[in-house]
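Please look over the chain shown here with an eye to how its helices and side chains pack.

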Amino acid sequence: MKPIKSNFSALLGAKRLKISDVSRNTGISRQTLTTLYYGRETGISYEVLGKLCRYFNCSVGDLLEVDPEIAE
């Protein structure tokens, strides 16, 4: 289990968006977004984080959260 959890899928659902919408509007590849959506990523660049935060008008903490039980 990973110590960092992605909330990307929840953000998409809350705004009723598709991965293709986000990809088209941010320039982030569908593959990167799909990997983030399913929680299979092993790392994410600052550039991608920045684009997603600007697109969703949110902070990094809204996209990613630390699982306190695993982080210890």
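The following report treats a helix pair, the nonpolar core and the aromatic rings.

This is a predicted model, in which local features need pLDDT of at least 70, side-chain atom pairs count only at pLDDT 80 or more, and totals for chains, interfaces and linings use all residues. Residues are numbered from 1 along each chain as its sequence is written, and side-chain values use heavy atoms, with hydrogens and water left out.

The axes of helix α2 (residues 19-26) and helix α4 (residues 46-56) come within 11 Å and cross at roughly 105°, so the two helices are roughly perpendicular (a term for angles of 65 to 115 degrees). Their contact (heavy atoms within 4.5 Å) involves Asp21, Val22, Asn25 and Thr26 of α2 together with Lys51, Leu52, Tyr55 and Phe56 of α4.

The largest nonpolar core (buried nonpolar residues joined through side-chain atoms within 4.5 Å) has 16 residues, of which Phe8, Val22, Leu33, Leu52, Phe56 and Leu63 touch the most other members. Helix α4 gives the most to this core, with 5 residues. Beyond its neighbours within four places in sequence, Leu33 is in contact with Phe8, Ile19, Val22, Ser23, Ile28 and Leu52.

A search of the whole structure finds 3 aromatic pairs (ring centres within 6.5 Å; planes over 60 degrees apart count as edge-to-face). Two of them are listed here.

| Pair | Centre distance | Plane angle | Class |
|---|---|---|---|
| Tyr37 and Tyr38 | 4.9 Å | 80° | edge-to-face |
| Tyr55 and Phe56 | 5.2 Å | 80° | edge-to-face |

Phe56 is buried at 4% relative accessible area (buried means under 20%), and Phe8, Tyr55 and Phe56 form one aromatic cluster.

Methods. Axes fitted to C-alpha atoms, helices over the stretch in contact; angles between N-to-C directions. Helix = DSSP H or I, 4+ residues; strand = E, 2+ residues; numbered from the N terminus. Parallel < 35°, antiparallel > 145°, perpendicular 65-115°, else oblique. Buried < 20%, exposed > 50% of the residue type's maximum accessible area, 1.4 Å probe, protein only. Phe/Tyr/Trp six-rings, centres within 6.5 Å; stacked < 30°, edge-to-face > 60°.
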